[in-house]
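Got a model on the screen and wondering where the labels come from? Let's go through a few of them.

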Amino acid sequence: MSLHALLMPQQVKAIEEAPLVADQRHPAWSALFLHQASATDFLTRRAADAVWRSPTFKVDMRSVLQRAADLENIADAAAALAELRALGAMIEARMTPVPLPASAKHGPSPDFEANAGDGPVTVEVHAKHEDGAQTARRFAIAAGEDVPGVERTSRKVGDMLVTHTTSVWHPGGTPDPTKPFDSIQANVISKLCSVKASEHQRREAVPSVLWLDLTTFDPMSKSQLLQTLPLVSGHIGLTSGAIWHAFYGWKGAPLLEEGNPRRTTMGHDGRFRMSGDAKSHLAAAIVSFERGLVLLENPWATVPLPAMFRRRCERLPWFKLGNSVADWTRGQAAAQLALAVAQIEALAGQAAIR
């Protein structure tokens, strides 16, 4: 298998034998050893195949592959695998990506430059991880500590003792009900909105894309794709889509959470609506997670996406057209957002159905 071949034998063996970290395997373990791969592992393996077939990529991605095998910095290993998958996805979509080496001499640089035939686009990949307090909580639970809100049950099955641990997770951080702008969704929105906020890897006058990998942000959630919608309809109410609001929400936007009677509002503008010194220079964000990838274009970008790059996004693996926001026709993204805002205000302003 290509991923095995790209790593040194001692690295593969070390990953195979590495102890569990908070009851979890090394990020590369499943792609290397699991027979029934997840969608994410499948893309990791396919990206590794593309690198293995290219002498140039073997050289250019060498440092990324070394980071992917790191046993000390688990978060960075996951980030390196996200970069590998982004490269593979752009190759598949025929965007002609070129990995860019980090250069201390010239300052921060994006991870890739891609060209779909009508000009360069810089791509910065970021693997978002859960809130740090949640990570500490996972470690405490795995260590058997007495953690508030965690239930443990055990029962004998033959000669074995089966233990179940039940807990509630908040990947964006546990909300504080005493704070006016704090809620589950608000915290996730805030965390995603601030990813790579300085945008210092971008290049002047070149379209810039943030590739946001969420496969390690909330791996237990099966509803991440729904969070790219303005509103999510549930059995007992509506929920504001956290990913959509992170980029397109506005200060004062109503935030809904199914089953939660408490109403909160956004305390800040979404990434693409910010102005002044905080204005985003991103042309778009590409958000990827397990079995899903969406394009969220910035209709207010100073340097917009080239048409052919935008069109090639539709060929990225697991691309979801219906969840994306893009100028497939001129002005479509802004019009789509205006309709979404009107829908949010109308439904949030109506009395809740009992």
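What follows is a set of questions and answers about this predicted model.

Q: What makes this protein as compact as a globular protein of its length?
A: Start with the parts list: the protein has 12 helices and 12 strands. Its radius of gyration is 21 Å, and the globule rule gives 20 Å for 354 residues; the two are close, so the protein counts as compact as a globular protein of that length. Along the principal axes, the C-alpha trace spans about 60 × 60 × 35 Å.

Q: How much of the protein is buried, and what does its surface come to?
A: Buried residues are 46% of the 354, where buried means under 20% relative accessible area. The accessible surface is about 17900 Å², and carbon and sulfur atoms hold 55% of that.

Q: What share of the contacts links residues 24 or more positions apart?
A: Among contacts with a separation of 6 or more, 58% are between residues 24 or more positions apart.

Q: How far apart are the mean positions of the positive and negative charges?
A: They sit 4 Å apart, taken over 37 positive and 36 negative charges.

Q: How do you know that the span of helix α7 agrees with its number of residues?
A: Helix α7 covers residues 74-92, which is 19 residues. At 1.5 Å a residue it should span 27 Å, and its end C-alpha atoms are 27 Å apart, so the two values agree.

Q: Why is α7 called mostly covered?
A: Count its buried residues: 14 of the 19 are buried.

Q: Does α4 fit or miss its expected span?
A: It fits. Helix α4 (residues 39-53) has 15 residues and should span 21 Å; the end C-alpha atoms are 21 Å apart, so that agrees.

Q: Which residues of α4 are buried, and what do they pack against?
A: The buried ones are A39, T40, D41, L43, T44, R45, A47, A48, A50 and V51. Together they pack against α1 (2-6), α3 (29-33), α5 (55-60), α6 (62-68) and α7.

Q: What makes the phi of R94 worth pointing out?
A: R94 comes just after α7, in the loop between α7 and β1 (98-99). Its phi is near 60°, which is positive, and the residue is not a glycine. Most residues other than glycine have a negative phi.

Q: Why is R94 called exposed?
A: Exposed means over 50% relative accessible area. R94 has 58%, so it counts as exposed.

Q: Why is M95 called buried?
A: M95 is in that α7 to β1 loop too, but its relative accessibility is 0%; that is under the 20% cut-off, so M95 counts as buried. Leaving out residues up to four places away in sequence, M95 touches M90, A114, N115, A116, F309, R312, C313 and L316. The C-alpha atom of M95 is 35 Å from that of S233, 138 residues away along the chain.

Q: Why is W318 called partly exposed?
A: The relative accessible area of W318 is 29%, between the 20% and 50% cut-offs, so "partly exposed" is the label. W318 is in the loop between α11 (307-313) and α12 (332-349), and its phi is also positive, near 65°.

Q: How do you know that V188 is buried?
A: V188 has a relative accessible area of 10%, which is under 20%, so it is buried. This residue belongs to helix α9 (residues 184-193). Beyond residues up to four places away in sequence, V188 touches G172, F217 and A242.

Q: Why does L256 count as buried?
A: L256 comes in at 8% relative accessible area, under the 20% cut-off, so it is buried. L256 lies in the loop between β9 (254-255) and β10 (264-265). Not counting residues up to four places away in sequence, L256 touches Q185, L231, L238, T239, S240, R263 and A348. From L256 to L43 is 34 Å, C-alpha to C-alpha, with their positions 213 residues apart in sequence.

Q: What makes M160 exposed?
A: M160 has a relative accessible area of 53%, which is over 50%, so it is exposed. M160 lies in strand β5 (residues 160-166). The C-alpha atoms of M160 and S324 are separated by 48 Å, and the two residues are 164 apart along the chain.

Methods:
Residues numbered from 1 in each chain as written. Predicted model: local features only at pLDDT ≥ 70, side-chain atom pairs only at ≥ 80, totals over all residues. Heavy atoms only, no water. Helix = DSSP H or I, 4+ residues; strand = E, 2+ residues; numbered from the N terminus. Expected span 1.5 Å × (residues − 1). Buried < 20%, exposed > 50% of the residue type's maximum accessible area, 1.4 Å probe, protein only. Rg over C-alpha atoms; globule rule 2.2 N^0.38 Å. Contact = heavy atoms within 4.5 Å. Areas by Shrake-Rupley, 256 points an atom, 1.4 Å probe, with all protein chains shown as cover. Lys, Arg positive; Asp, Glu negative; His and termini not counted. Charge placed at Lys NZ, Arg CZ, Asp CG, Glu CD.
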